[in-house]
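Hello,

Here is the structure I promised to pass on to you. Please open it next to this email, and I will walk you through what turned up.

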Amino acid sequence: MNFKQLEAFVTVAEQGSFSRAAQSLYTSPTALTGQLNALERELECRLLERTYRGTEMTAAGKEFYASARELLRLADAAV
């Protein structure tokens, strides 16, 4: 797990869309999907559910979200 993956997850969760999140992170939706797939493989659970209306957090994603936000906040504060 790395900070790019955490940032990708948090941004998609907050934006509710891979394409909007990719735009705000200045990356491609394909690259963003790769980051999230790697994170989900490492955690061995689905964090996001891709639907025809966008993206929603799973129950595991909702639990992980607060920790991911806090890690990103602490990393930003350390810099």
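E44 sits in the loop between α3 and β1 (48-51). Please keep in mind that this is a predicted model. Although E44 is not a glycine, its phi is positive, at about 60 degrees. Is E44 buried or exposed? Its relative accessibility is 73%, and exposed means over 50%, so E44 counts as exposed.

There is another residue of this kind to look at. Y26 is not a glycine either, yet it has a positive phi of about 55 degrees. You will find Y26 in the loop between α2 (18-24) and α3. With 79% relative accessibility, Y26 counts as exposed.

From E44 you can move on to Y65, which lies 21 residues away along the chain. The C-alpha atoms of Y65 and E44 are separated by 15 Å. Y65 belongs to helix α4, and α4 bends at Y65 by about 30 degrees. The relative accessible area of Y65 is 22%, and buried means under 20%, so Y65 counts as partly exposed. Which residues does Y65 touch, leaving aside those up to four places away in sequence? They are F9, V10, A13, E14 and M57.

Now for the helix around Y65. α4 covers residues 59-78, which makes 20 residues. From its first C-alpha to its last, α4 reaches 30 Å, close to the 28 Å expected at 1.5 Å a residue. The buried residues of α4 are G61, F64 and A68, and what they pack against is α1 (3-15), α3 (29-43) and β2 (54-57).

One of those buried residues, G61, can be paired with A31 for a look across the model. A31 is in helix α3, where its relative accessibility of 35% makes it partly exposed. A31 and G61 are 30 residues apart along the chain, and their C-alpha atoms are separated by 20 Å.

Next comes α1, which has 13 residues. At 1.5 Å a residue α1 should span 18 Å, and its end C-alpha atoms are indeed 18 Å apart. Which residues of α1 are buried? The list is Q5, L6, A8, F9, V10, T11, V12 and A13. The cover over these buried residues includes the helices α2, α3 and α4 as well as the strands β1 and β2. Two residues from that list, F9 and V10, are also among those that Y65 touches.

The last thing to show you is how α1 meets α3. Their axes are 9 Å apart, and the two helices pack at an angle of about 105 degrees. Angles of 65 to 115 degrees count as roughly perpendicular, so that is the word for α1 and α3. On the α1 side the contact is made by K4, Q5, A8, F9 and V12, and on the α3 side by L32, Q35, L36, A38, L39 and E42. Sorted by class, this contact has seven nonpolar residues, two polar ones and two charged ones.

If you would like a short route through the model, try E44 in its loop, then Y65 at the bend of α4, and finally the packing of α1 and α3.

Happy browsing, and best wishes

Technical notes. Residues are numbered from 1 along each chain as its sequence is written. This is a predicted model: local features need pLDDT of at least 70, side-chain atom pairs count only at pLDDT 80 or more; totals for chains, interfaces and linings use all residues. Side-chain values use heavy atoms; hydrogens and water are left out. Helices (H or I, at least four residues) and strands (E, at least two) are DSSP runs, numbered from the N terminus. The expected span of a helix is 1.5 Å times one less than its number of residues. The bend at a residue is the angle between axes fitted to the seven residues ending there and the seven starting there. Buried means under 20% relative accessible area, exposed over 50%, partly exposed in between (1.4 Å probe, protein chains only). Contact means heavy atoms within 4.5 Å. Axes are lines fitted to C-alpha atoms, for helices over the stretch in contact, and angles run from 0 to 180 degrees between N-to-C directions. Angles under 35 degrees count as roughly parallel, over 145 as roughly antiparallel, 65 to 115 as roughly perpendicular and the rest as oblique. Ala, Val, Leu, Ile, Met, Phe, Trp, Tyr, Cys and Pro count as nonpolar, Asp, Glu, Lys and Arg as charged, and the others, Gly among them, as polar.
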